[in-house]
Amino acid sequence: MTAIGVMGGTFDPIHFGHLRAAEEVLQGFGLERVIFVPAGRPPHKLHSEVTSPEHRYTMAKLATVDHLRFEVSPIEIQREGPSYTLDTLRELRDSVCKGKTLYFITGLDAILEIHTWKGYKQLFELANFIAVTRPGYSVEVFLTLEKVLGPECFSKVHPFPVTLLAIASRDIRRRVREGESIRYLVPEPVRLYIEEHGLYSGRADETR
Ligand code: NAP
């Protein structure tokens with residue numbers, strides 16, 4: 001097996017929707033492993049409040065520790081400045097993923113904006129893209145990408161319907177803020193970490 005998945009996301013926090021999506025992509029595309037890459041400073045969220053990269057990285061580690069073919073890379077949280085996917089894919093290609101085919105995995109909503117990402121045409125020289133979607137997603141919306149990207153780049157984007165994506169990080173943050181339970185939405189060690197560090201409840205150590 002020579003293909004590796006790179007699961008990019010803010011993961012604020014990581015939840016079972018992300019994990020299940022990674023599991024289905026791992027199997028569906030016959031990948032060797034999936035490397036989760038929590039965004040350090042998401043370039044499109046520089047002005048919004050995002051939980052510190054260290055907390056999001058630790059939660060991703062806690063969530064994946066029991067899976068032999070899931071890994072978490074600190075590559076973006078260690079790099080200064082905005083976390084551009086282009087830099088991440090280049091770095092991975094030249095290090096732990098040398099000689100392997102790369103599949104960058106993320107949500108369809110994020111992929112629909114890919115033409116606004118730094119050096120987007122070069123992205124397609126480095127990797128294929130898997131846009132994970134909820135079953136019943138709008139094919140029409142996906143097809144609009146072909147016009148924007150052109151046929152060559154578009155052929156490297158694969159929509160992939162997965163189960164369980166009704167869980168959303170935003171909803172988890174809201175539940176914590178409003179004192180609701182998040183049990184069974186995130187792995188238990190992640191839930192305990194959120195509780196222990198007072199994340200999403202408005203306490204000060206939450207954001208950078
Ligand atoms: P986002 O806008 O927060 O998320 C868009 C949607 O996709 C949300 O519904 C989100 O659900 C879902 N999603 C995000 N990551 C997912 C994943 N790995 N698997 C399944 N669903 C996922 O997107 P984001 O997380 O900030 O960014 C996604 C990736 O694109 C990151 O790696 C980011 O660095 C990259 N990106 C790069 C650039 C650039 O290079 N200029 C610009 C934008 C994004 P949840 O909220 O539940 O996760």
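**Reading the ligand site, strands and rings of a predicted model**

Modeller: In this predicted model, a backbone N or O atom of Gly9 lies 3.2 Å from an oxygen atom of the ligand.

Colleague: Which side chain has an N or O atom 2.8 Å from an oxygen atom of the ligand?

Modeller: A polar contact is a pair of N or O atoms within 3.5 Å. The side chain of His15 supplies such an atom, 2.8 Å from a ligand oxygen. Ser169 contributes through its backbone instead: one of its polar backbone atoms is 2.8 Å from an oxygen atom of the ligand. The protein covers 86% of the 860 Å² of accessible area that the ligand has on its own.

Colleague: How many residues surround the ligand, and which are the closest?

Modeller: The ligand is surrounded by 24 residues, and the closest are Thr10, His15, His18, Lys45 and Ser169.

Colleague: I should like to turn to the strands. Why is strand S2 described as largely enclosed by the rest of the structure?

Modeller: A residue counts as buried under 20% relative accessible area. In S2, which spans residues 33–38, 6 of the 6 residues are buried, so the strand is largely enclosed. Both faces take part: Arg33, Ile35 and Val37 point one way, Val34, Phe36 and Pro38 point the other way, and all are buried.

Colleague: Which strands are joined to S2 by bridges?

Modeller: Strand S1 (residues 3–9) runs parallel to S2 and is joined to it by 6 bridges. Met7 has Phe36 of S2 as its bridge partner. From S1 the chain passes through helix H1 (residues 16–28) to S2, a β-α-β crossover that is right-handed. Strand S3 (residues 70–72) also runs parallel to S2, with 3 bridges between them. Here Phe36 is partnered by Val72. The path from S2 to S3 leads through helix H2 (residues 53–64), and this β-α-β crossover is right-handed.

Colleague: What should be noted about the backbone in the loop between S1 and H1?

Modeller: One reads the backbone angles there. Asp12 and Pro13 are joined by a cis peptide bond, with omega about 0 degrees, and Pro13 belongs to that loop. Phe11 lies in the loop between S1 and H1 as well. Its phi is near 50 degrees, a positive value in a residue other than glycine.

Colleague: Tyr184 also has a positive phi. Is Tyr184 buried or exposed?

Modeller: Tyr184 is exposed, because its relative accessible area is 67%, whereas Phe11, at 3%, counts as buried. The phi of Tyr184 is about 75 degrees, and the residue sits in the loop between helix H9 (169–177) and helix H10 (188–197).

Colleague: Finally, how many aromatic pairs does a search of the whole structure find?

Modeller: The search finds 8. One pair, Phe104 with Trp117, is edge-to-face: the centres are 6.2 Å apart and the planes stand at 85 degrees. It links distant parts of the chain, with Phe104 in strand S4 (residues 101–107) and Trp117 in the loop between helix H5 (108–111) and helix H6 (120–126), 13 residues apart. Phe104 is buried at 5% relative accessibility, while Trp117, at 21%, is partly exposed.

Colleague: Why is the pair of Phe124 and Phe129 called tilted?

Modeller: Planes over 60 degrees apart would count as edge-to-face, and those under 30 as stacked. The planes of Phe124 and Phe129 lie at 55 degrees, with centres 5.0 Å apart, so the pair is tilted. Phe124 is buried at 3% relative accessibility, and Phe129 is buried at 0%. Ring pairs link Phe104, Trp117, Phe124 and Phe129 into a cluster.

Definitions and conventions
Residues numbered from 1 in each chain as written. Predicted model: local features only at pLDDT ≥ 70, side-chain atom pairs only at ≥ 80, totals over all residues. Heavy atoms only, no water. Buried < 20%, exposed > 50% of the residue type's maximum accessible area, 1.4 Å probe, protein only. Helix = DSSP H or I, 4+ residues; strand = E, 2+ residues; numbered from the N terminus. Pairing = 2+ DSSP bridges. Right-handed = clockwise from strand over helix to strand, strands pointing away. Near = heavy atom within 4 Å. Polar contact = N/O pair within 3.5 Å; in protein donor to acceptor, adjacent residues only side chain to side chain. Areas by Shrake-Rupley, 256 points an atom, 1.4 Å probe, with all protein chains shown as cover. Phe/Tyr/Trp six-rings, centres within 6.5 Å; stacked < 30°, edge-to-face > 60°.
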